[in-house]
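User: I'm new to this one and would like a close look at the backbone. Could you walk me through the spots where the chain does something out of the ordinary, and what sits around them?

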Amino acid sequence: MKSARYVYTFTRSQSLIAVIFILYLLISSCSDVQTTKRLPRSVPESEGVSSELVLKFFEAADTSKHEFHSVMVVRHGKVIAEGWWSPYVPQLRHTLYSVSKSFTSTAVGFAISEGLMSAEDQVISFFPEFLPDTVSEYLSELKVKHLLTMSVGQRPEPTFNVISQDSHWVKAFLAVPIVDKPGTKFLYNSLGSYILSAIVQKVTGKRVVDYLRPRLFDPLGIVAADWEVCPKGISTGGWGLRLKTEDLAKFGLLYLNKGKWNGKQVLPVGWAEDATAAHIQQHPEMSQEERDKSDWRQGYGYQFWRSRQNAYRADGAYGQFIIDLPELDAVVAITAETQDMQDELNLVWDFLLPAFQERELQFDETAVRKLEAKLVSLELPVPVDSAKSNVASDVDGKTYLFDKNDMDFNSVSFVFDRDTCSVRIVTPDINYDLRFGSGFRMYGQTARMGPSLVYAALAHFEGLPANEIVAGSYSWTNENKLQLELRYVESPHTEILTCIFDDNKITLESFHSLWNKVVYSVNGELKE
């Protein structure tokens with residue numbers, strides 16, 4: 001039986017040290033450590049941005065219905081504001097979901113420039129060994145450019161059915177009927193993005209993440225990028241990439257500068273302009289008035305979305321954004337968890353855009369200091385007790401057993417020590433030892449898989465480290481109800497384990513923030 005546990009535990013006053021210490025050990029253990037190249041920093045007014053109005057944006061974000069994790073604002077190539085909501089920190093990566101697609105597109109651009117493929121190539125030409133017995137006319141017509149522009153013609157979108165049921169995603173994709181002529185209709189297709197990744201790997205002999213390293217990541221000083229893979233070892237392409245917030249800002253800045261980095265052309269000449277132009281309209285039947293209300297109706301490029309404000313963006317589920325504003329020479333990188341991504345973007349348009357001016361502004365020391373104070377104080381609320389409970393002493397050291405259940409839990413046990421709670425979850429294959437603080441978070445690592453939009457994918461989390469960094473806190477919501485909050489701080493999501501005690505019985509519920517509901521519930525009894 002394996003045991004997965006928090007490797008490090010710290011007291012309240014040591015919580016920041018915990019993060020730094022964990023990061024130091026994680027980074028020092030990497031074989032490809034190199035010095036990260038940071039973007040230059042500047043005061044907002046020096047770059048023609050109002051600190052007072054930037055502050056209003058962060059205040060609006062902080063009090064909104066959205067859970068922001070980080071924001072970085074770049075103007076004229078310099079970072080003028082950056083903030084992380086604790087427990088999220090600059091040194092940690094973050095799950096990006098479909099922002100990954102824009103990086104896959106970039107890999108395609110490199111491969112095209114190197115003469116390894118073209119946008120006009122037939123998709124079937126790359127995989128003759130995996131074709132269905134009968135190749136339809138539309139499948140024969142399917143080209144790389146149709147994958148890039150989400151105009152494959154499959155309907156409905158096949159991703160979740162394929163990745164959860166079939167271990168050979170390329171073969172399964174080619175077997176899905178194409179009902180609309182390729183290139184004629186837009187329909188978001190993440191599996192099509194995966195096929196782009198598979199094509200790049202086929203023509204280069206390298207996974208996309210490895211192919212991009214010397215061409216994109218190294219020139220920009222992006223280190224420790226990782227990317228999930230499919231059961232066949234191909235980078236998932238349409239999702240699965242994890243990067244730091246500053247890495248997102250660098251990528252956006254590279255495209256904003258038409259592929260140049262520090263005066264050197266990194267991207268193929270013309271690729272940035274072509275990839276971010278509108279190649280297809282999502283709803284051509286809509287009036288301009290209707291399209292003007294949404295950032296998802298402005299056209300689509302090569303795995304990039306067009307946006308209002310004459311902007312374009314890389315866009316990932318639950319609020320991951322790289323927003324390029326060419327007319328303002330600005331980039332905004334955001335990580336978050338939200339159920340309403342349009343409203344999240346509206347905060348940028350309504351509160352942040354007015355801060356940008358054409359010329360350098362007079363230095364406003366008071367506003368600058370207020371903004372700085374706000375940025376260093378950002379924190380997601382730590383759960384606190386809403387009721388007093390004497391149950392902790394009753395369940396301390398006790399173990400509860402479960403019958404067979406969907407969570408695959410055999411037992412759970414609790415140990416309380418002052419303001420910490422240690423929880424052991426036993427499953428048939430592994431033990432999870434987790435620690436939670438009362439009124440503060442305890443940082444550590446666990447092999448327990450966190451909530452994820454593509455949780456059902458075969459080989460899910462393959463290609464990523466075995467352990468995830470987490471931050472745990474606990475609180476009593478009533479006399480008999482213990483709430484254990486487990487934040488997976490390299491993802492957008494949180495799991496809340498609620499333990500309801502009733503004499504010798506326990507009900508344990510698992511709430512996943514991305515679904516905003518309880519996804520599992522099991523009942524157990526005290527071990528005699």
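**Backbone oddities and their surroundings**

Analyst: Let's start with Pro87, which you'll find in the loop between strand E3 (78-84) and strand E4 (94-95). Keep in mind that this is a predicted model. Most peptide bonds are trans, but the one joining Ser86 and Pro87 is cis, with omega at about 20°.

There's another cis bond further along, this time joining Arg155 and Pro156, and here omega is about 5°. Pro156 also belongs to a loop, the one that links helix H5 (144-148) with helix H6 (159-165).

Back to E4 for a moment, the strand that comes after the Pro87 loop. It's part of an open sheet of three strands, in the order E4-E6-E5, and the pairing is antiparallel. E4 and strand E5 (226-227) form the edges, each pairing on one side only. Strands of a sheet pair through backbone hydrogen bonds. E5 and strand E6 (residues 241-243) are joined by two bridges. If you want a contact to look for, take Trp227: its bridge partner in E6 is Leu241.

Now move on to helix H10, which covers residues 245-256. Its twelve residues reach 17 Å from the first C-alpha to the last, close to the 16 Å expected at 1.5 Å a residue. H10 is mostly covered, too: twelve of its twelve residues are buried. Among them are Leu248, Phe251 and Tyr255, but also Glu246, Asp247 and Lys250.

After H10 comes Lys258, and its phi is positive, near 60°. Why point that out? Most residues other than glycine have a negative phi, so a positive one is worth a look.

Asn262 does a similar thing, with a positive phi near 50°. You'll spot Asn262 in the loop between strand E7 (260-261) and strand E8 (264-265). How open is Asn262 to its surroundings? Its relative accessible area is 75%, so Asn262 counts as exposed.

Last stop: Asn310, again a residue other than glycine with a positive phi, near 55°. Asn310 lies in the loop between strand E9 (305-307) and strand E10 (311-316). Buried, partly exposed or exposed? Asn310 has 40% relative accessibility, and since partly exposed runs from 20% to 50%, that's where Asn310 lands.

So, to retrace the route: the cis bonds come before Pro87 and Pro156, and the positive phi values to look up are those of Lys258, Asn262 and Asn310.

Conventions
Residues numbered from 1 in each chain as written. Predicted model: local features only at pLDDT ≥ 70, side-chain atom pairs only at ≥ 80, totals over all residues. Heavy atoms only, no water. Helix = DSSP H or I, 4+ residues; strand = E, 2+ residues; numbered from the N terminus. Buried < 20%, exposed > 50% of the residue type's maximum accessible area, 1.4 Å probe, protein only. Expected span 1.5 Å × (residues − 1). Pairing = 2+ DSSP bridges.
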